[in-house]
Amino acid sequence: MIDLRSDTVTRPTPGMRKAMAEAEVGDDVYHDDPTVNRLEERVADLLGREAAVFVPTGTMANQISLRHHTEPGDTVIVARGAHLAHHELNAGAALSGVAIHELDGDDGTFTAAQLEAVFPTPGPSLPYWLSPPVGLVALENTHNAAGGTIWPLERLYEVVNAAHRRGVPAHLDGARLWNAAAATGIAEADYAAPFDTVGVCFSKGLGAPIGSAVVGDRDVVDAIRRLKQRHGGGMRQAGIVAAGALYALDHHRARLVEDHARARRFAEALAELPDVDVDLARVQTNIVYFAVPDAPVFAARARAEGVDLIAMDATTIRAVFHLEISDRDTERAIDVVRRVATS
Ligand SMILES: Cc1ncc(COP(=O)(O)O)c(C=O)c1O
């Protein structure tokens, strides 16, 4: 099976398994695990920030950051389709008592002017206490649901600066920040610099089995470390999995551009097919969304021919390229979707 459902389906490579098996470990709840400590220093360094805390999942990275920044009753501003809004089971409401407000912008981004428009101008007829307080602005880079799209750096800084001018903190869901950096050549640290907190994942395109991190200033990361513990994220000999993440940072970052090239090749082939609609401008990294008349039937037929795709809704299909997908797999996948689309 050529599994294009997600870049999370990858299994640890033999080299990664060896690094994990040989990891030096300790009790990370006491901050005594040398491999976790090494990973946290490495990630803080890569993102140009003071400190990092290793957490089990991207969802926890987002949710404990959100919990840190907000009060119950706050609004969190995100771009339409954000993972935080749609794929974390309303955790923001359940765990932090916040409401999520999605802004409609371009390709998973929005402008500072759009953000400004969320804040009403208070006056005698509209006192400030009648407007819901905005507690956080959370961007996603790359933006999964928009197609793995990349925030233009200038727009990202404008939005974060606009939030900060209002006294509102900013969080980055950087589950695939590595893909943005690989695609543009802009360092992860440059994308991360303006944010109060940044979450990154090792378990997506980088191919580690488990693990994410939150980075930021030391005092913020210290507070988030306590929230990790409170939410049940304290892990003991976590160096076993941290070693997989370190291995992924060393060996799998540079190769992300190969996934991007395969995603583009696949998308360009799709664009030639009848009754298949793909927006090539949105294929910027490793994710391809395309529309067909009946997505569940299309996906079932592709699966029967050995290509696993996700039908996201009645007409939308997603294909994600990752380290287990070769050029040959890509060509085979193209053959299969071509047959499904034309027969
Ligand atoms: C953009 C984005 N953020 C966060 C997450 C959550 O990561 P996890 O599955 O590790 O909780 C995902 C998962 O796919 C994601 O795509």
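Reader: How many of the five residues of S12 are buried?
Author: This is a predicted model. Both faces of S12 are covered. Thr316, Arg318 and Val320 lie on one side, and Ile317 and Ala319 on the other. The strand is largely enclosed by the rest of the structure because the buried residues number five of the five.

Reader: In what order do the three strands of the open sheet lie?
Author: The pairing is antiparallel. The edge strands are S9 (287-291) and S11 (310-311), and each pairs on one side only. The order is S9-S12-S11.

Reader: Over how many bridges do S9 and S12 pair?
Author: S9 and S12 run in the antiparallel sense. Phe290 stands opposite Ile317 in S12. The pairing of S9 and S12 extends over five bridges.

Reader: Through how many residues does the hairpin join S11 to S12?
Author: S11 and S12 (residues 316-320) run antiparallel and are joined by two bridges. Ala311 stands opposite Ile317 in S12. The hairpin between S11 and S12 passes through four residues.

Reader: Which helix lies across S9, S11 and S12?
Author: Helix H12 (residues 256-271) lies across S9 and S12, at about 15° to S9. The helix in question runs at about 40° to S12 and covers residues 295-304. It is H13.

Reader: At roughly what angle do the axes of H2 and H11 cross?
Author: H2 spans residues 34-46 and H11 spans residues 239-251. Their axes come within 8 Å. The crossing is left-handed. The angle is roughly 35°.

Reader: How many residues of the contact of H2 with H11 are nonpolar?
Author: H2 contributes residues including Val36, Leu39 and Val43. H11 contributes residues including Ala242, Leu246 and Leu249. Two residues of the contact are polar and three are charged, while the nonpolar ones number nine.

Reader: How many residues apart in sequence are the parts tied together by Lys228 and Asp28?
Author: The two side chains meet in a salt bridge (3.4 Å, N to O). Lys228 lies in helix H10 (residues 218-230), and Asp28 in the loop between H1 (14-21) and H2, so the pair ties together parts that are apart in sequence by 200 residues.

Reader: Are Lys228 and Asp28 buried or exposed?
Author: Buried means under 20% relative accessible area. Lys228 has a relative accessible area of 4%. Asp28 is at 5%. Lys228 is therefore buried, and Asp28 also counts as buried.

Reader: Which residue forms a salt bridge with Glu188?
Author: Glu188 is in helix H9 (residues 188-192), and its partner is in the loop between H11 and H12, so the pair ties together parts that are 65 residues apart in sequence. Glu188 is buried at 6% relative accessible area. The partner counts as partly exposed at 23%. The closing distance is 3.3 Å, N to O, and the partner is Arg253.

Reader: Which residue forms a salt bridge with Arg264?
Author: Both residues lie in helix H12, four residues apart, about one turn of the helix. Arg264 is partly exposed at 29%, and its partner is partly exposed at 39%. The closest N and O atoms are 3.1 Å apart, and the partner is Glu268.

Reader: Which residues are linked in a network of salt bridges?
Author: Side chains of opposite charge can pair when their charged atoms come close. A search of the whole structure finds 26 salt bridges. The network links Asp3, Arg5, Arg303 and Asp308.

Conventions: Residues numbered from 1 in each chain as written. Predicted model: local features only at pLDDT ≥ 70, side-chain atom pairs only at ≥ 80, totals over all residues. Heavy atoms only, no water. Pairing = 2+ DSSP bridges. Contact = heavy atoms within 4.5 Å. Axes fitted to C-alpha atoms, helices over the stretch in contact; angles between N-to-C directions. Left-handed = near helix turned anticlockwise from the far one by under 90°. Nonpolar A, V, L, I, M, F, W, Y, C, P; charged D, E, K, R; others polar. Buried < 20%, exposed > 50% of the residue type's maximum accessible area, 1.4 Å probe, protein only. Salt bridge = Lys/Arg side-chain N within 4 Å of Asp/Glu carboxyl O.
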